[in-house]
Amino acid sequence: MKLNLSMNPHAEFQKPITDDEYSPTYIIVHHSAVDSPDPQFKDIDAWHRVRKFPKSKRGFHVGYHKVIEKDGTVEIARDDLERDCDALGHNFDSLSVCLVGNLSKNDPTDAQVLALGEVLTDWVNEYKIHPTKIFPHRHFASTQCYGNRLENNWATIVMLSHKHLKGSWKKLI
Ligand SMILES: [Zn+2]
């Protein structure tokens, strides 16, 4: 679907949308840019509440559809076909997932990569999204997100090699 939206992020908030209209074309992968050994889902919810990101049907302000904690736990903030709030201009045509941690400084954990591969594989299959349409946030905006140590096609490779990785991705990439 095509939307003609201004650069005011609140214009996107106000745009009504039904599940029928939502057909994700892209998958956008983020990092939280914050290093902590602890789970961050609740922190992200608090940060995004302050930024007035719209509350999801599940009751979270988290702008991403899913968040992957360091231990590989996948937290679901939004239903797949619910609009997200992660990349201006692409809040109605994409699915989004955030790896917690500062991936400009540290690698994601093996558990995160395994979980990411699972999430991406499910989305690619369910919504017929081409694997080359998986992008880091920086593809769409002036940011380093998902961290400057990972190549632009890293998440695509994670998805395509998911079945073969079995938690040993560092040996393969
Ligand atoms: Zn991002």
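1. Val29 faces Val97 of strand 4 across a bridge. The model in which this pair appears is a predicted one. Strand 1, spanning residues 26–31, runs parallel to strand 4, and the two are joined by six bridges.

2. Strand 4 has a second parallel neighbour in strand 2, which covers residues 66–68. Three bridges connect strand 2 with strand 4. Within this pairing, Ile68 has Leu99 as its bridge partner.

3. How many of the residues of strand 4 are buried? For this strand, residues 94–99, the count is six of six. The burial extends to both faces. One side carries Ser94, Ser96 and Cys98, and the other carries Leu95, Val97 and Leu99. Val97, the residue opposite Val29, and Leu99, the bridge partner of Ile68, thus belong to one side of the strand, and both are buried.

4. For the protein as a whole, buried residues account for 40% of the 173 residues. The reviewer may wish to read the burial of strand 4, with six of its six residues buried, against that figure for the protein.

5. The protein contains six helices and five strands. Read from the N terminus, their order is α-β-α-β-β-β-α-β-α-α-α.

6. Which share of the contacts between residues at least 6 apart in sequence joins residues at least 24 apart? The share is 64%. The parallel pairings of strand 4 with strand 1 and with strand 2 may be viewed alongside this value.

How values were computed. Residues are numbered from 1 along each chain as its sequence is written. This is a predicted model: local features need pLDDT of at least 70, side-chain atom pairs count only at pLDDT 80 or more; totals for chains, interfaces and linings use all residues. Helices (H or I, at least four residues) and strands (E, at least two) are DSSP runs, numbered from the N terminus. A residue is buried if 20 or more other C-beta atoms lie within 10 Å of its own, exposed if 12 or fewer, and partly exposed in between; C-beta atoms are placed from the backbone. Two residues are in contact if their C-beta atoms, placed from the backbone, lie within 7 Å. Two strands pair if DSSP finds at least two bridges between them.
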